[in-house]
Amino acid sequence: MDAMLGAQTARPSGKGKKFLNYTQRYWTLYLLLLLPVVYFFIFRYSPMAYILIAFKKYSIVQSVWEMPWAANNGFEHFIKAFSNRDFFYALRNTIMLNMLDLVAGFPMPVILALLLNELAFKRFKRVTQTIVYMPHFLSWIIISGLALQLFAPTSGLVNIALGKFGVEPVPFLNDPAHWVGTYIFLGIWRDMGWGTIIYLAALTGINPELYEAASVDGAGRFRKIWNITLPGLRPTIIVLLIMNLGRVLGSEFDRPYALKNNLVSSVSNVISTFVYTNGIRGQQFSLTTAVGLFQSVVCVIFLLAANALAEKFGERGIW
Amino acid sequence: MKTVSKTISKALACLLLVTLLASCGGPSATPPPVTPSTLPAVVTPTPAPEEPAGGGPVSITVEIFDRSNDGGSKPEDNFYTDFIKEGVLRDHNIEVTFVPVPRWTEVEQLNNLLAAGDAPDICVTYSYPTIQTYANMGAVLDMAPYLEDNKAQLPNLWGLLGETNIYWDKDPETGEIWAIEALLRHNPRIGTFVRQDWLTKLNIAEPTTLEEFEAMLYAFKENAETLLGADADKIIPFSTSYDVGWRADHLMTMFVADDITDKDVYINGFDDRHFLLPGIKEGIRVLNKWYNDGLTWNDFPLYGSGDTTEDNLIKSGYVGSFMHNWDYPYRNGEEGIHHQLRAIAGEDAVYTSVEPFKNAAGVYRKFLPGPIDRKVFLPATNDEPVASMLYLDWLSTVENRKFLQIGEEGVTHEVLEDGAIKTVAVTGEKIMNSPNNIDYTIIINGLDLGDPELTMDSYAYNYSGVDASLVQKGYEISINDGRIGKNVQVGQITAEEGMGPVLTEKRDIVLDQAVIAPVDQFDAVFDAGMQDYLASGGQAIIDERTAAWEKVFGDAVSLD
């Protein structure tokens, strides 16, 4: 490729000729781009036509173009969703759980990456790193099984151990407030290590001369972290923060679905489980498409707002 | 070097283009899966009363539940499917292919299959509202013309199901039949089980009233050390699960007025756990007291559907009593509770059925289902409705369904001296993946040998390795003073559409939270939960059912 890019020598005159020349030179590059573009078109853009289901009366045997429009100028399902209390609870819980995840979970990989970075004994660092990111590969179904084994009030290991010290069982899973804590904790435990990878990669990009210079100036370990490492990580942190903010209303399905139980439904029902119960199981596909569309629109707004904010503070943002 | 890399890049790019075009050809050649737009919304049948005309055999596909049972055979390909395939091909020149669908997620799976236009020609589900929803979308064939025009060709199907089951779901106005109801041959539903050996050990008589039952639970708790020794702290006098409505049914319905009218049963009958019947709250209050007195398994709401933790507690011998399907402890042969419990807790450890829940009128009333079971329907993509009907007729033939239910003599059953059939559990290729192969005999649930007396005699031997008297006792108690469900044909209740899963989930939440509430907060928790249930669609269903009843039956409150 470099050979081709560097081979640009003659400069033809005239716009048409210029274009012809350009295509002649670079058509292979565009051809290579074609595959991902086709992928996105087939699997990401064309299914978007089905967003129309939100405004139509869904039928399993008709194409989206043939389905009749829903009542109230097509907005029937939105009206229905917004007058459904469960939807509001799901919305509230989604935002609450995701915000807590962000506040408690976002700094963790940064801190862990900084700690790992300071380790002098390289082999220990590598082993630790591997161990902390392994839980990421466990599915939430397995983690929820582990959680039951550990945290159930009478048969959970943790509560049995606490009982030996005369402590009353802690309702980790069966009291809404405790459950939220368990939910956030398990999320951090699972993904903290995985999140460090990107920061550790960014750390290698910091010029070592800066550290040497700081040492010469008499900076200690914390001074170096504060004045060199963290500023070096800043662009990465900002980009990841923007992407996380874009997900504040997005909701994963397996985590709340696997961890929820009937006693904590007041906090564990989120938009994705609402969609599952009402849409997939209750076959109210139009209603839940409307909910999904609303969710996506809000996510995009969040993303744009966070990006604009980042740019305002002098960062590059994500585009 | 430059030219070489340039050539290679171009060659690669061309290769890419070729593969791209080739792969594009695939999807575009087949129509988009969700849009079988050629399908008319309503399919009018062409009368084809004769069997498929000469030429090659006609092919149909049939849904079969996959239970993923331990040591089971492939549900779509085994000894019994071979029997069906050979028989149907021989008798009707129809080739049958089975399509496995996971038993516990059948509705979700059917959604996918129907949306993709891949649904089997003959579908079966326990959920009528699902079929109604599909029918409203034009995805289901109206079976009425096929059943009626071909009545002469379908003597066995009509003979087995009769007008009751065939017309059960018939729309009173349009006459459409979206599904026919399989026959439920026996209708025992729920039973209460107590550890016989514990009663003996503590010298307690079998409880016959709620007070006695409760006293027994406290006695279990107080004598835990006698009963379980070192495991005394693990004792669970009464076990229940997240599905309280099922697992405390008789306790709940004993508080329903004995003279409740058919109308009230119907308009409050959307929930199949009797959640809406007036009075059941008092039953939950009793359970709430038991929970707070430490008589139940505290972790029950944490374990969901299909979890085996509670079964394992029962098998380990920690559980004194529980309520469940009338034959629950006797099911599943060697793997079942009956055998496992005896292996772990000793030969005399056995569950016996008791009948303590008497209502205010002094009657052990039980709400039993009508004679209906699974619902069989034909999706609109079915091109062979007549062949499908012939398949159902073939299954309904006594010899065929009898073979499927009891299998081969000397292998899966033996004939006792009095002629009764005793089922024998087998492993290997002739294993029955479901009791009596219920999954293959989609038009009937429950042993039926063609002769009512022989059937009843054989029924108790249907549980391999379990003393027939235990089964007999459970059966009799479960149907004693039963009130059998009636068919109320008032047409479709639109408020019910799509509400099943949502309200079922809510019901479980309300019941679970009410059971574990502190005693002084029980009323507040239960009432708030019920309020939420009604506001989320429950009340709309009750209102529409009331209106529909009054439209058809006027002021009458009884169906008789």
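In the predicted model, 39% of the 319 residues of chain A count as buried. The accessible surface of chain A comes to about 18400 Å². Carbon and sulfur atoms account for 68% of that area.

Chain A contains 15 helices and 0 strands. Its C-alpha trace spans about 80 × 70 × 35 Å along the principal axes. The radius of gyration of chain A is 26 Å, whereas a compact globule of 319 residues would have a value near 20 Å. Contacts in chain A were also sorted by sequence separation. Of those between residues at least 6 apart, 63% join residues at least 24 apart.

Charge was examined next. Chain A carries 27 positive side chains and 16 negative ones. The centres of these two sets lie 6 Å apart.

Nonpolar packing was then traced, with attention to chain B. The largest nonpolar core comprises 112 residues. Within this core, L251(B), I284(B) and W290(B) have the most contacts. Helix α21 of chain B, spanning residues 522-553, supplies the largest share of the core, with 9 residues.

The surroundings of L251(B) were listed without its neighbours within four places in sequence. On that basis, L251(B) is in contact with L210(B), G283(B), V286(B) and L287(B). W290(B), M323(B) and F357(B) also contact L251(B). W290(B) thus appears both as a contact of L251(B) and among the residues with the most contacts inside the core.

Another core, of 43 residues, lies apart from the largest one. Its members include V58(B), I180(B), L404(B) and I442(B).

Technical notes. Residues numbered from 1 in each chain as written. Chains lettered and ligands numbered in written order. Heavy atoms only, no water. Helix = DSSP H or I, 4+ residues; strand = E, 2+ residues; numbered from the N terminus. Rg over C-alpha atoms; globule rule 2.2 N^0.38 Å. Buried < 20%, exposed > 50% of the residue type's maximum accessible area, 1.4 Å probe, protein only. Contact = heavy atoms within 4.5 Å. Areas by Shrake-Rupley, 256 points an atom, 1.4 Å probe, with all protein chains shown as cover. Lys, Arg positive; Asp, Glu negative; His and termini not counted. Charge placed at Lys NZ, Arg CZ, Asp CG, Glu CD. Core = buried A, V, L, I, M, F, W, Y, C linked by side-chain atoms within 4.5 Å.
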